Amino acid sequence: MKTLPKGKAWRTEYVVQYQGFWLNPTVALKGVLLVQDHFKARATDIILSAFMKCGTTWLRSLMFATANRSRFDLSTHPLLKTGPHDCFPLLDTYIYQGDSITHLELLPSPRLFASHMALDLFPKSVLASGCKFVYICRDPKDVLISKWHFMNKLRAKELAPLSLPEAYELFCQGVSECGPFWDHVLGYWKASLESPVKILFLKYEDMKREPSVHLKRLAKFMGQPFSMEEEKKGLVEEIVKLCSFENLSNLEVNKAGIQHFSDQLVIENRHFFRKGQIGDWENHLTEEMKDRIDRITEQKLKGSGLTLGASPLP
């Protein structure tokens, strides 16, 4: 710990840089080390991964509802009474709670996990296992604003609120929990080009524009494609509606419930639902700030074939 570089954190006092990424030393780093040393992936595992504030809450709901659509009636669905983060565990924090390593081994296949870990932080054994990853990315300007709002709600009370100019500068430098943002995205993007049957790369903006189209892609990737009969019955649209921001954010469990990730990380469910919109950065960033992030994005992604934001319509 003493040898790791330190940087200013958004939620706590500082983060440390480990294998190229900035992590909270008491939560995220601990989880990464345990995953690297003890997590045994199965070929049937599906891991939902994303940089923070890119749509994991939404995707978590869609994946859970899709995978379990034959088990639950939508009118009495667990998502109506349970927060999305209780549907399947966040591997990064779950792995160091009690006997959780043993519990992970006892979970029936196929296991669903969520993670904010960069692909490069996973041990080679996970990638060699044949498990699948679902990755979702988002316009970095919206990520910045959403993360800034979110982290200030969780920020330690003894610390002064993090100003937007401070958060902006740290984000541009790559210093934020799980960052640098661009390295995180590129790791999964390049791997998805090499192994498209193992890594599904999604964009938040595309999902928002055509949720039913991408939900069908997601279901097929998960090995549970919707049948023609299910599509005719409107099941795809019903799941989209069940998992929509408008529906989930208005449920009592997501207004008053609490998510206990660890002793150091307890979050009210309502903090996971702010706006769920595209382009909210326009209400916060100046033209100069916007241009700088766009330049960084262009520079970082040059030659990769990846563009962030909505994909062009065919």
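In the predicted model, helix α2 meets helix α12 through a small set of named residues: L62, A65 and T66 on the α2 side, and I239, V240 and L242 on the α12 side. The residues of this contact divide into 5 nonpolar and 1 polar, with no charged residue. Helix α2 spans residues 56–67, and helix α12 spans residues 235–242. Their axes lie 9 Å apart. The packing angle is about 140°. An angle over 145 degrees would count as roughly antiparallel. The two helices are therefore oblique to each other. Their crossing is right-handed.

Aromatic pairs were then searched for across the whole structure. The search finds 13 of them. A pair of aromatic rings is described by the distance of the centres and the angle of the planes. F51 and F181 form one such pair, with 5.3 Å from centre to centre. Their planes stand at 90°, and the pair is edge-to-face. F51 sits in the loop between β4 (46–49) and α2. F181 belongs to helix α8, residues 181–194. The pair thus links distant parts of the chain, 130 residues apart. Both F51 and F181 are buried.

A further pair involves helix α2 itself. The ring centres of W58 and Y204 are 5.8 Å apart. Their planes meet at 80°, so this pair is also edge-to-face. W58 lies in helix α2, whereas Y204 lies in helix α9, residues 204–209. The pair therefore ties together parts that are 146 residues apart in sequence. W58 has a relative accessible area of 14%, and is therefore buried. Y204 is buried as well, with a relative accessible area of 6%.

Ring pairs also build a cluster. Its members are F122, F133, Y135, Y188, W189 and F201.

The last site described is H214. This residue is placed in helix α10, which covers residues 211–221. Its relative accessible area is 10%, so H214 is buried. Buried means under 20% on this scale. Residues up to four places away in sequence are not counted among its contacts. With these left out, H214 touches L202, D206 and M207.

Taken together, helix α2 takes part in two of the arrangements described. W58 in this helix pairs with Y204 of helix α9, and L62, A65 and T66 meet residues of helix α12.

Conventions
Residues are numbered from 1 along each chain as its sequence is written. This is a predicted model: local features need pLDDT of at least 70, side-chain atom pairs count only at pLDDT 80 or more; totals for chains, interfaces and linings use all residues. Side-chain values use heavy atoms; hydrogens and water are left out. Axes are lines fitted to C-alpha atoms, for helices over the stretch in contact, and angles run from 0 to 180 degrees between N-to-C directions. Helices (H or I, at least four residues) and strands (E, at least two) are DSSP runs, numbered from the N terminus. Angles under 35 degrees count as roughly parallel, over 145 as roughly antiparallel, 65 to 115 as roughly perpendicular and the rest as oblique. A crossing is left-handed if the near helix is turned anticlockwise from the far one by less than a right angle, and right-handed if clockwise. Contact means heavy atoms within 4.5 Å. Ala, Val, Leu, Ile, Met, Phe, Trp, Tyr, Cys and Pro count as nonpolar, Asp, Glu, Lys and Arg as charged, and the others, Gly among them, as polar. Rings of Phe, Tyr and Trp (its six-membered ring) pair if their centres lie within 6.5 Å; planes under 30 degrees apart count as stacked, over 60 as edge-to-face and the rest as tilted. Buried means under 20% relative accessible area, exposed over 50%, partly exposed in between (1.4 Å probe, protein chains only).
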